[in-house]
There are 2 protein chains.
Amino acid sequence: MARVYNFSAGPSMLPEAVLLRAREELPDWHATGMSIMEMSHRGKDFVGVAEKSEADLRELLAIPVNYKVLFLQGGATGQFAAVPMNLLRGKSKVCYVNTGLWSEKAISEAERYCSVAIAASSKESGFATIPNRADWRIDPDAAYLHYTANETIGGVEFQDIPDSAGLPLVCDMSSNILSRPLDISRFGLIYAGAQKNMGPSGIVVVIVREDLIGQARTATPSIFDYKKQADGGSMLNTPPTYNWYLLGLVLEWLKEQGGLAAVEARNVRKAEKLYAAIDGSRLYSNPIEPGCRSRMNVPFRLAKTDLEKTFLAEAKAAGLVNLEGHRSVGGFRASIYNAMPEEGVDTLIAFMREFERKHG
Amino acid sequence: MARVYNFSAGPSMLPEAVLLRAREELPDWHATGMSIMEMSHRGKDFVGVAEKSEADLRELLAIPVNYKVLFLQGGATGQFAAVPMNLLRGKSKVCYVNTGLWSEKAISEAERYCSVAIAASSKESGFATIPNRADWRIDPDAAYLHYTANETIGGVEFQDIPDSAGLPLVCDMSSNILSRPLDISRFGLIYAGAQKNMGPSGIVVVIVREDLIGQARTATPSIFDYKKQADGGSMLNTPPTYNWYLLGLVLEWLKEQGGLAAVEARNVRKAEKLYAAIDGSRLYSNPIEPGCRSRMNVPFRLAKTDLEKTFLAEAKAAGLVNLEGHRSVGGFRASIYNAMPEEGVDTLIAFMREFERKHG
């Protein structure tokens, strides 16, 4: 079948060029007579792939030399536990900002290891905004301040990096990493599951300032101990080699796109035209405060809810798939990560206009 | 390049038929217009893949209905921590058998959570045997008895299932699962990283008797809590979908081979002829007691160590690669998991004979 535009929130669309290259290299990687996934992670071929991916990530994000980059397993949900396990450093309290379901999951897991102070929450607004910075209460005794850069379900995204009042700033960047340039030096730690903007699921990237590691609590599983993994080059045990390889292909593709400034410009265009189409219609609406709308996940509703099934069916027939909203909120959601071509957004907008003309 | 015979200990050779099918399905899975790795893990397509893989594994291993099957991240090394975290059930002691480096790693990680009694150890013999069963001291107060079914570095394998004196029997089966039929009902828990006999790295299978779960210690990361993962169908968080899919293709291939009885018969033939060639030569030797030699990993040495580099170079030129022994022991090692064709072993034997004729 012809390739569709896949608006899934994650795992999500990958660049077609990456898939085609993976296909080409699948049975015989670089004339070795075997697939990369059949190779020892300690052999020079795979080590070369791993090192290049780290170098490319460092280049794309301009990661300072005093930060370690780790490629781990267990997803962001694993990091919800690993972060407090590693970063408490003798303290008993951490501080979290609550901007949606993913914040809440991170908070709930952290509460199993320490006391969690909520610096701010937008729950009362139905997570339609980001709490006013002036009202944040950052506990100076907390080990770190944690926030979720982009909430995939609500469609809320921080447009700048918040001030952490001197605490190490920790960020779940799973759904918007690599979508724009970033000042890494503002952070103590960033973690991001790959399956939105970086590759397939099964690998999670941790970028951590090196002075923060080495004090994991005693009962931390070794695979979650940042210091042990940093010392072992993320190969304390066998890493997910094929996932790492695919992540590396995505990084090469991002560099070919012109790097993150070019990627951001395209993401801004994609998001702005989609929100403009929604705001300019009478059928569609998005509930999020304009200043914190996500460039990555655009939820929307129909004024006529009886048209929902028809909308999905006609969209699918037009090659626009996985537009259902998250099961917890309903409605629709277009996830338009880096790998979604601009033509995919244009096609969606044209479809939405035509649908409104026919049914509106 | 022509496909080589890859004797890597893991990640290791996969069935060529699996790689070719993965290649065929890579850009467009079953006419959906996208790759399986781009699909939501909660969509019906991927859920179908996941359910079929569990059903196939249950069929191949005749897993009783009172066992849960989990597909997790973090490898066997993650399970070294997860097993005591989940299975202590209020006890403070566990019991381990030490038959090599992988046993020692499991013991070392378990010691971070509880007291570890060593039921038996073959360390004094240089791990060239399995301790005499009559001499095992199984502590009746231990929460479980753990052993490593196959030691990839030493090349030692249990040929039957040990008696656990009434304790739940826990086994690291990473390197020989699915290589022979198995009586699952003898076990409390089996875990196995996929990257030897089941698929690519990045996914680990846990088979656990359901009465043993639900009492994880408080600080267990949620992704390692067997009960939470069982309740969530191994989708507490986004699973490694592509790894899971590839694992499913390997299971389908195993069924096409005639199931585990047929697979075992071939594995016995492969191992017996390779050991016979070693034992029948004057150049090659294997130090392991014949009754506990591994069918999966065959370490060997040359009587003339000055020929080692020549051996590796000539083997590589003949399309026989990754025959180096583990860095901790040196020498050579032929890993001949399920996916190694019998012709691969025949070719290796013919090469070894010719090498001995020329250089011996």
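Into which domains is chain A divided? Select 5–14 together with 259–359 and you have domain 1, then 17–256 for domain 2; these bounds come from an automatic or database domain assignment. Before you go on, note that this is a predicted model, where local features need pLDDT of at least 70, side-chain atom pairs count only at pLDDT 80 or more, and totals for chains, interfaces and linings use all residues. Residues are numbered from 1 along each chain as its sequence is written, chains are lettered from A and ligands numbered from 1 in the order in which they are written, and side-chain values use heavy atoms, with hydrogens and water left out.

**Stop 1: between the domains of chain A**

Colour the two domains of chain A separately; their C-alpha centres lie 26 Å apart. Contact (heavy atoms within 4.5 Å) involves 31 residues from domain 1 of chain A and 34 residues from domain 2 of chain A. About 2400 Å² is buried between domain 1 of chain A and domain 2 of chain A, with 57% of that area from carbon and sulfur atoms. Buried area here is the accessible area (1.4 Å probe) that two parts lose on being put together, summed over both.

Now show Leu14(A), Leu260(A) and Cys292(A) as sticks: they supply 27% of the area that domain 1 of chain A buries against domain 2 of chain A, more than any other three residues. Don't hunt for salt bridges across this interface, as the rule (a side-chain nitrogen of Lys or Arg within 4 Å of a carboxyl oxygen of Asp or Glu) finds zero between domain 1 of chain A and domain 2 of chain A.

Next, pick helix H7 (259–279) of chain A, which gives eight residues to the side of domain 1 of chain A that touches domain 2 of chain A, the most of any element. Helices (H or I, at least four residues) and strands (E, at least two) are DSSP runs, numbered from the N terminus.

**Stop 2: the two chains**

Bring chain B into view. A rotation of 180 degrees with 0.0 Å of shift along its axis superposes chain B on chain A, at RMSD 0.0 Å. That is the relation of a two-fold axis. The fit is by least squares on the C-alpha atoms of residues with pLDDT of at least 70 in both copies.

Select the interface: 64 residues of chain B are in contact with 64 residues of chain A. The area buried between chain B and chain A is about 4800 Å², and carbon and sulfur atoms give 53% of it. Arg23(B), Met37(B) and Glu38(B) are worth labelling, since they supply 14% of the area that chain B buries against chain A, more than any other three residues. Which residue of chain A forms a salt bridge with Glu38(B)? Zoom in on Arg3(A), where the closest N and O atoms are 2.6 Å apart. The rule finds two salt bridges across the interface of chain B and chain A.

For the backbone elements here, highlight H3(B), which gives the largest share of the side of chain B that touches chain A, five residues.

**Stop 3: backbone oddities**

Go to Pro11(A), in the loop between strand S1 (5–6) and helix H1 (16–25) of chain A. The peptide bond from Gly10(A) to Pro11(A) is cis, with omega near -10 degrees. Jump to chain B, and the bond from Gly10(B) to Pro11(B) is cis too, with omega near -10 degrees.

Then centre on Phe127(A), between strand S4 (115–121) and strand S5 (145–148) of chain A. Phi of this non-glycine residue is positive, near 55 degrees. Is Phe127(A) buried or exposed? At 14% relative accessibility, Phe127(A) counts as buried (under 20% relative accessible area; exposed is over 50%, partly exposed in between, with a 1.4 Å probe and protein chains only).

Finish at Ser234(B), in the loop between helix H5 (226–231) and helix H6 (241–256) of chain B. Phi of Ser234(B) is near 60 degrees, and Ser234(B) is buried at 4% relative accessibility.
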